[in-house]
Amino acid sequence: MNGNFTFYNPTKIYFGKDSISNLKNELLNYGKNILLVYGGGSIKRTGIYDKVISILKEVDKNIFELSNVLPNPLYSKVLEGARMVRDNSIDLILAVGGGSVIDCSKGISASSYCLDEDPYQKYWINQKPVDTKVVPVASILTMAGTGSEMNGGSVITNEDLKLKKGRVFGPNLYPKFSILDPTYTLTVSEYQMKSGIFDTLSHLMEQYFSGNDENVSDYLIEGLMRSLISNAKVACKDPQNYQARSNIMWIATLALNTLVGLGKTQDWEVHSIEHQLGAYTNCAHGMGLAAISIPYYKFVYKYGLDKFAQFATNVWMINPDKLSKEELAIKGLDALENFIKDCGMVTSIKELGTTKDMLKDIADSCDLGGGYYTLTHEDILKILESCF
Ligand code: NZQ
Ligand code: ZN
């Protein structure tokens, strides 16, 4: 390991069946005014909403509700929530949902008292530090994938600017506590479950495919990838399998709580492309990543051949005997492609609502970066054309 790092992750995790029983005690640590943030209504259908409301009432909280946070959450929703925080002197933002709801809640917290500048420009475009008061955020996670429950990430779509941009806030905006009950994820549609699984795999791959030094983080990532792949195979056949779904939920958290990326360079180009694909099509995040990944990795593997060969042997267990590094790397990518297809994930961005005339605009609006190779906008266009 060559890189230096500071590691601090303040989120307290309650994991397992009925872990919601810890909510009441946690709420005692906060003031009276709670902003309950949720999505399009799944929590009402599953009964989680009723449970949370009854616990909030038991501890005599004033409840304010912000509903209808959409997947790929919108900046207009962040501003609506920020107004509610100010108008009602909110003491805690309680996000109940998937990554979109949690990301929106962090955005609301950072934006509530940011009155001197447009928060989108300040935080998501110019990536400036938060220097105004923030309101604590906590989460009850209902869908596995993003890792937002234990990190500072907040990805917000600005509908006017046609930009979907990520921002990593500091530890004061990490959820103070997150409740992870895998049974809550059993009602997620198979499509969204698969999207979440690929999102997690992509987080692991995008931290892995960069750097060539001997690094303990890479071995942690390989272990998580192997466990994710084997549990995903079970869950895709038998979505109600608790053991597989609980493993997937915890792997998703570990994949992006910053632990496995410590001390190493990272890639994140697939995410950068997907974010703009999402800004144009509003597709499910993980399905966008699945469609882009194979053409992306086929484009860049030559520049990181050793790591791609290691991926084949240590993650997909391909026997390296008699194979050149190049052959091995290709076999690893073939195994990844078969996994995507066997699980029934999306392989074409057309299927996600992309039209031909969008491709250049998407490519031109992506941020450039990368692990082993820095793509140009023209390279991105080629990649998008090959998964159209
Ligand atoms: O809105 P509701 O009605 O709740 O329905 C949601 C939504 O339609 C549904 N759902 C969630 N839990 C459910 C459920 N349906 C039935 N039963 C349940 N228990 O699932 C749909 C998708 O939810 P969403 O929150 O959008 O999914 P996800 O968790 O994948 O979040 C995606 C967002 O997170 C961002 C993505 O870009 C995207 O905007 N990301 C956030 C990151 C972070 N904070 O670190 C990193 C990621 O790379 C990612 O970019
Ligand atoms: Zn992601």
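This section describes the surroundings of ligand 1, the zinc site and a set of individual residues in a predicted model.

Residues are numbered from 1 along each chain as its sequence is written, and chains are lettered from A and ligands numbered from 1 in the order in which they are written. Because the model is predicted, local features need pLDDT of at least 70 and side-chain atom pairs count only at pLDDT 80 or more, whereas totals for chains, interfaces and linings use all residues; side-chain values use heavy atoms, with hydrogens and water left out.

Ligand 1 is surrounded by 29 residues, of which Gly-40, Ser-42, Gly-99, Ser-100 and Asp-103 come nearest; a residue is near a molecule if one of its heavy atoms lies within 4 Å of it. Seven residues of this shell are nonpolar, 19 are polar and three are charged. In this division Ala, Val, Leu, Ile, Met, Phe, Trp, Tyr, Cys and Pro count as nonpolar, Asp, Glu, Lys and Arg as charged, and the others, Gly among them, as polar. Both domain 1 (12–184) and domain 2 (190–386) supply at least three residues to the shell, the domain bounds being taken from an automatic or database domain assignment.

Oxygen atoms of ligand 1 are approached by polar side-chain atoms of the protein. For Ser-42 the distance to an oxygen atom of ligand 1 is 2.7 Å, and for His-271 a polar side-chain atom lies 2.8 Å from an oxygen atom of the ligand. In Asn-151, a side-chain N or O atom is 3.0 Å from an oxygen atom of ligand 1. A polar contact is defined as a pair of N or O atoms within 3.5 Å; within protein, one must be able to donate a hydrogen and the other to accept it, and residues adjacent in sequence count only if both atoms are side-chain atoms. On its own, ligand 1 has 960 Å² of accessible area, and the protein covers 90% of this area; accessible areas come from the Shrake-Rupley method with a 1.4 Å probe, and for residues only the protein chains shown count as cover. Two or more residues of the shell come from each of helix 5 (99–111), strand 6 (153–158), helix 7 (190–208) and helix 10 (269–281). Helices (H or I, at least four residues) and strands (E, at least two) are DSSP runs, numbered from the N terminus.

The zinc ion (ligand 2) has as its protein donors Asp-199 (OD), His-203 (NE2), His-271 (NE2) and His-285 (NE2), at 1.9 to 2.2 Å. Donors are N, O and S atoms within 2.8 Å of the metal (3.2 Å for Na, K and Ca); water is not among the atoms, so sites may look incomplete. The spacing of the donor residues in sequence is D-x3-H-x67-H-x13-H. Since His-203 belongs to helix 7 and His-271 to helix 10, the pair ties together parts that are 68 residues apart in sequence. Both His-203 and His-271 are buried, where buried means under 20% relative accessible area, exposed over 50%, and partly exposed in between (1.4 Å probe, protein chains only).

Positive phi values occur at two residues that are not glycine. Gln-127, in the loop between helix 6 (119–125) and strand 5 (137–141), has phi near 55 degrees and is partly exposed at 39% relative accessibility. Trp-268, in the loop between helix 9 (242–255) and helix 10, has phi of about 70 degrees and is partly exposed, with a relative accessible area of 24%.

Further residues were characterised by position and by distance. Lys-164 lies in strand 7 (residues 163–168) and is buried, at 6% relative accessibility; its side chain forms a polar contact of 3.4 Å with that of Glu-274. Leu-328, in helix 13 (residues 325–342), is likewise buried at 6%, and its C-alpha atom is 45 Å from that of Asp-160, 168 residues away in sequence.

Helix 3 (residues 48–58) contains Lys-51, which is partly exposed at 40% relative accessibility. The C-alpha atoms of Lys-51 and Asp-379 are separated by 49 Å, with their positions 328 residues apart along the chain. Lys-57 is also found in helix 3 and is exposed, with a relative accessible area of 58%; its C-alpha atom lies 9.8 Å from that of Lys-24, 33 residues apart along the chain.
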